[in-house]
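Biologist: Before we discuss any details, could you put the sequence and the model on the screen, so that we can go through the architecture together?

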Amino acid sequence: MTINAPKGFRAAGVAAGIKENGNKDLTIVVNDGPLDVAAGVFTRNKVKAAPVLWSQQVLATGRVKAVVLNSGGANACTGPEGFQDTHATAEHVAETLGIGAIDVAVCSTGLIGARLPMDKLKAGVTAAAARLAGTEEAGIDAATAVMTTDSVPKHAASVQDGWALGGFAKGAGMCAPNMATMLSVITTDAVLDQSDVDAALRAAVNVTFNALDIDAGTSTNDTVLLLCSGASDREVPVEEFTAALTGLCRDLVAQLQADAEGVTKHVTVTVRGAVSDADAAVAARTVARDNLCKTAFFGSDPNWGRVAMAVGNAPVEFDPTRLDITINGVVVCAAGAAGEDRSKADLSGRDITVEIDLRAGPGSATVLTTDLSHGYVEENSAYSS
């Protein structure tokens, strides 16, 4: 159940020596199918890493034959030399695989501000190319080699009627909408037009990856790529494909949330009754990002006053005398005042659900987040990310 589940793909993950700890740190995914249709969604951070700038140019063609990804270095804020390093990486992959550099997307993750050790990276590309395989083991290696602070590789597959989807993602911190993944590569062997692949990916990302907000930090390197090999020879209606793709992305995002840095609580914040879906999303993110709310979640405290405070800070219109807040099924705030006894809301488990009704319109949105724990602070104060 990996990125190799669809037909027409090979992958590999190796230790190139980019990471000082000697763990796997370089991945290649190759599309061998009759189609090389692709789409990508990238970070909206104004500070974009060199691989993002390169891959945006590649995806403008709507085609990708191979993706090379490295962990251990973001190649962000590295100036013209960093872009030249990305170009050189794509050229080395292209030369090794016998394709064009414009067919190669590049992704990086890790420390911002330092250039990559190109001799090690190129040697790693050569080694990975020699180990490319369509096996599940190779798919797990590929998912493992993109990890930074992740504790486990994150991968999934979805087998449909005669066609399939597969993919991996990495991300444990610096996760916020637009994008919330840092890096993800998804594959399919369905037969689709490029316009449908692009539309499906954007629709799926909007309700999955962009619904994850761990710490309000939109990375410089966030990238989601979708590669289509057409090797199943099955033409799939775009509606059916979008639904299956959304399900796969939702699986990957759940794994990202579960493995977030220092996580002890999985929090779902849903806002209903907003003037619009956009307002609902803003209100939900405001609550999800509020440190007082996140520390209350960590302490298993159903402190609805903090939730009311946070949603009141959101730049959205609603009547506070109509505000309802439900925590783990208990209506702790009704019509802007105390509701049921807050002690009835049991937050001792890992999952917390916060439902907020603004009673101002038809808009709704859900954001996934986590608590703010001692572990998160300790990890991010000790690790250069």
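**Sheets, helices and an aromatic pair**

Modeller: Helix α5, residues 194-207, lies across β3 and β9, and its direction runs at about 30° to β3. Please keep in mind throughout that this is a predicted model.

Biologist: In the open sheet of five strands, which strands stand at the edges?

Modeller: The strand order of this sheet is β3-β9-β8-β7-β6, with mixed pairing. Two of its strands have a single partner strand each, so one side of each is left without a neighbour in the sheet. From one strand to the next the twist averages 10°. The strands at the edges are β3 (37-42) and β6.

Biologist: Do β8 and β9 pair in the parallel or the antiparallel sense, and which residue in β9 does Val 185 stand opposite?

Modeller: Strand β8 covers residues 183-188 and strand β9 covers residues 223-228, and six bridges connect them in the parallel sense. Within this pairing, the residue in β9 that stands opposite Val 185 is Leu 225.

Biologist: Turning to the open sheet of four strands, over how many bridges do β1 and β2 pair?

Modeller: The order here is β1-β2-β4-β5, again described as mixed pairing, and β1 (9-14) and β5 (104-109) stand at the edges, so each has one side without a neighbour in the sheet. Ala 12 stands opposite Ile 28 in β2. Strand β2, residues 26-31, pairs with β1 in the antiparallel sense, and the number of bridges is six.

Biologist: Which strands does helix α3 lie across?

Modeller: Two helices can be described against this sheet, and one of them, α2 (residues 79-97), lies across β2, β4 (66-71) and β5 while running at about 130° to β5. Helix α3, residues 118-130, runs at about 50° to β2, and the strands that α3 lies across are β1, β2 and β4.

Biologist: How is α8 oriented with respect to α9, and why?

Modeller: Helix α8 (residues 291-298) and helix α9 (residues 304-313) pack with their axes 9 Å apart, at an angle of about 155°. Because angles over 145 degrees count as roughly antiparallel, the orientation of α8 to α9 is roughly antiparallel.

Biologist: What is the handedness of that crossing, and how do the residues of the contact divide by class?

Modeller: The crossing of α8 and α9 is left-handed. On the α8 side the contact has Leu 292, Cys 293, Thr 295 and Ala 296, which meet Arg 306, Val 307, Met 309 and Ala 310 in α9. By class, the residues of this contact are six nonpolar, one polar and one charged.

Biologist: How is α7 oriented with respect to α9?

Modeller: The axes of α7 (residues 277-289) and α9 come within 8 Å and cross at roughly 135°, and the crossing is right-handed. Ala 283, Thr 286 and Val 287 in α7 meet Val 307, Ala 310, Val 311 and Asn 313 in α9. The angle makes the orientation of α7 to α9 oblique.

Biologist: Where in the chain do Trp 163 and Phe 241 lie, and what kind of aromatic pair do they form?

Modeller: A search of the whole structure finds two aromatic pairs, among them Trp 163 with Phe 241, at 5.7 Å centre to centre and 35° between the planes. Trp 163 lies in the loop between β6 (154-159) and β7 (164-170), and Phe 241 lies in helix α6 (residues 238-258), 78 residues apart. The pair they form is tilted.

Technical notes
Residues are numbered from 1 along each chain as its sequence is written. This is a predicted model: local features need pLDDT of at least 70, side-chain atom pairs count only at pLDDT 80 or more; totals for chains, interfaces and linings use all residues. Side-chain values use heavy atoms; hydrogens and water are left out. Axes are lines fitted to C-alpha atoms, for helices over the stretch in contact, and angles run from 0 to 180 degrees between N-to-C directions. Angles under 35 degrees count as roughly parallel, over 145 as roughly antiparallel, 65 to 115 as roughly perpendicular and the rest as oblique. A crossing is left-handed if the near helix is turned anticlockwise from the far one by less than a right angle, and right-handed if clockwise. Contact means heavy atoms within 4.5 Å. Ala, Val, Leu, Ile, Met, Phe, Trp, Tyr, Cys and Pro count as nonpolar, Asp, Glu, Lys and Arg as charged, and the others, Gly among them, as polar. Two strands pair if DSSP finds at least two bridges between them. Rings of Phe, Tyr and Trp (its six-membered ring) pair if their centres lie within 6.5 Å; planes under 30 degrees apart count as stacked, over 60 as edge-to-face and the rest as tilted.
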